[in-house]
Structures are given as C-alpha cells and as structure tokens.
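Work through these short exercises with the model open beside you. Try each task before you read its solution.

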Amino acid sequence: MPRPDLAPDRADLAPIEIASRDEIAALQLARLKKTLAEAYANVPHYRAAFEAAGVHPEDCRTLEDLAHFPMTTKADLRATYPFGLFAVPRAALARIHASSGTTGKPTVVGYTRGDLDVWAALVARSIVAAGGRAGMMLHNAYGYGLFTGGLGLHAGAEHLGCVVVPVSGGMTERQVQLIADFAPDIITVTPSYLLAILDEFRRQGRDPRATSLKVAILGAEPWSEAMRAEIEAAFDIHAVDIYGLSEVMGPGVASECVETKDGLHLWEDHFYPEIIDPESGAVLPDGERGELVLTSLTKEAMPVIRYRTRDLTRLLPGTARSFRRMERIQGRSDDMIILRGVNVFPSQIEEILLRSAFLTGHYQIELTREGRMDAMAVRIEAEPDAWGTPALAGEDVNLAHHIKDTIGVTASVAIVAPGSIERSLGKARRVIDRRGQQTG
C-alpha cells in the first residue's frame, strides 16, 4: 500500500466544496449570467456568435439555458489569433500562455492578475485534494514556459505554502539526484515522464520505493488505471490525476481526491461542465459518456463559452466533495483511432499491455496501410529483469490475442528491449500514423 493516509480534514476544504447542490447551482447561475454578459459586451467574436444563434445573455435564466448558446472550438481560437478572444485591453493582462502550435497556429490565452490568483487557488485546492499540505516540498517536473503546466503548478504550490523545487522537464539523471538529495514529498509530472524517471532510478541502482515521495500528481495526458497501479507499486506512493487545459485555464480545472481516487472532482464554482454527443452536439444527461464541454465562470481576461475540449468522459455524482466528478479521460474524440471500422483509444491498448508483470509502460502504436487494409503494430518494452528470459516466451502472442478478444481489432505485438522506445520530457507520443504516407 502507498505510504501514509493523506486524506485532508474537512477543515482543510473550502466551504463551497462541501456545500449543497442547490448552493452550488445558485452560485453557478449568478456567475454564468455575468460571464455571458461580459463576453457579449467585450468580445466581438462572442457578440457575433450569439447574434448568429439568435440568443442574448438575458436569455440565460437557468443553467439549462446555456445549451442554447453556441460552442467555442480550438478553430475559433486560431481564427482570432492572437488576442481576438480577450475581453480586456492588453494593459490589463498579467501573463500570456500559448500552445506549441505544432499543427498550425498556436492557441493563445491571457490572464489578469485576478485570473492568476484564482488559478493559483484552484491548483492549491487540487494539491490538497491529492494529499498535499503547506510545508511539504514539491518537485515540479512539468515544463516551464508557454506551456501552462510548470508555472501553473508552481504558483499553486506556493499559494498553498509548499516548498517548490522548479526542476522543469529534462535532465533525468539530475531529477533522480535531486529527489534523493532534497527529499521532496510530492512530485508533479506527466505520467510518461515519471516512467522515464523510474527507469533512471533503476539504471542508477537506486530503490524508487525508498524515496521520500508520498504523492505523484499526474496529468497533461491520458493514463490508465493499470499505469496508476504500476507507478504506485514502483514508488510506494499515491498517484493522483489532475486535469486542465490551457484554453480554459491550465492544470487545476479538476482533480482526484487521494481518499477515493474514483474520478476527478470538477471545481464547479469556477467551471460549468456539460457532456455532449460529439456528433450531434446534443447535451447528454449525467452518467452518459460523451465529449466534455466547459464554460468558465470567473475568468476576466478570456472568458470561454461552451469550449469543446474533445476529451471523452462522463459526469458522476460527488463523493469526497459535493462537486460532480468526471470519469478518468478515456481519450480524445480527435485522437480516436478508427481501424477497419472499429474505434480504438490508446488507453484501451495500454490497459491490456500493462496486465503483464513483465512489461513496462513504454509503448507505441504504429498504424500503416497496405493496399486498402489498415494495420496496427504495437511495440512495448520489457522490464529489464524479464528481457531475454523465458518469461517473455509467447507473451506477444497472448497480448495480440487479448487485444483482438477485448477490443475487436487485429494487432501485431512486438516486445522490445528496455530503452528502445523514445522518451518524452512531456507528453508521450503514443501513436504514429503512417497511413497517409502510403498508397497502393
């Protein structure tokens, strides 16, 4: 079992976290009305979009009325690049973040001083939910810069009163040395990079279970329950999921609670969630799986109305908090693999691969096309102790069988030597799609 029970006392929680659903809904509606009015008044894009849809902020009399308002997409952010969705003049801004822009124009987001204060408070709330406390040392291995992860977690940890080690990503050998020397309680990092850190512990002959770490706060990419189990067992820690996206704020939109680990509580006092059918856009009832849509309720510099996250999940009742939970992200609607008519998410493949005690969490899926037929090949690294031993005999065939049996697609599986698959300092590149490069 991971080391000690870190569940916060009720006194550690903000009153709204344990308020009644009626109190939460009343606060949401008041904030939603204000947000719609300010977006209409100050953002030409929203004014035009509302008018084209035949709605006005005053038409929002209940939370359900939000469904009549138009949605916002990443394409809207790119079309208004760089500052077209800002609701305040440049002089009122305190910071700007942006995406990498590797697939086109980057998406740019802005923050007022008030926005940064709210963001820090919500990240602090997320750290408390994960088991963090003031005075703990936090090793921050998220990347700093235009990416929201590093600075977002840094500010939230300082807001809580943690001692922050701003390591950023990279220099994996040094990460291990600092963890050993500084004895942090918490590590914040992408799950795939934590696996790279785990590899380095083993390469140096250090026992990862002997560190001071108690909690890993992991996000920025989908990860499975099987990967949680591997990380918790390898480090003897709690591994807790955090969720966010730069278009809405950054990390800290939702967080798992260490005492339940049963989904991420959405901080509904600042974000209003909806689940829609990705095809029709129709709002689905709680409990049904679809695409998460978020509306900011308190953002000043850049309010977002019904932003389509493309993340697939469902909304569930609260447990450790009054706020609703969202199920662990299954995948993204735009990352879904369609192979011979079957919908597949990398996380489904990951769950099957990590059932084996002889394999690591380092894997890649390669898609190719031969003639008219699509093909899937999966490469996954063996555990160092298992590589070259009889334990792996037939394991590739067994995994291919389980993939076919569970998901319904045929895949070839190759178990490769430790260190064969490229490492990422941030989000892992899980899928390589070469189908557009081939003809025949």
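Two exercises follow, one on a cavity and one on a sheet.

The model is predicted: local features need pLDDT of at least 70, side-chain atom pairs count only at pLDDT 80 or more, and totals for chains, interfaces and linings use all residues. Residues are numbered from 1 along each chain as its sequence is written, and side-chain values use heavy atoms, with hydrogens and water left out.

**Exercise 1.** Describe the largest cavity and its lining.

Solution.
- Step 1: know the term. On a 1 Å grid over the protein atoms alone, a cavity is a set of points where a 1.4 Å probe fits but cannot get out; lining residues have an atom within 4 Å of a point.
- Step 2: take the volume, the space filled by probe spheres set on the points. The largest cavity holds about 60 Å³.
- Step 3: list the lining. Y111, D115, V118, L122, M249, H270, F271, T298 and K299 line the largest cavity.
- Step 4: find the main contributor. Helix 4 gives the largest share of this lining, 3 residues. A helix here is a DSSP run (H or I, at least four residues), numbered from the N terminus; a strand is a run of E, at least two.

**Exercise 2.** Trace the open sheet of 4 strands.

Solution.
- Step 1: read the order. The strands run 10-11-12-15, with antiparallel pairing. Two strands pair if DSSP finds at least two bridges between them.
- Step 2: find the edges. Strand 10 (271-276) and strand 15 (331-332) each pair on one side only.
- Step 3: check one pair. Strand 10 and strand 11 (residues 290-296) share 6 bridges. F271 stands opposite S296 in strand 11.

Notes. 1 Å grid on protein atoms, 1.4 Å probe; cavity = no way out; pocket = protein on both sides within 12 Å on 5 of 7 lines; lining within 4 Å.
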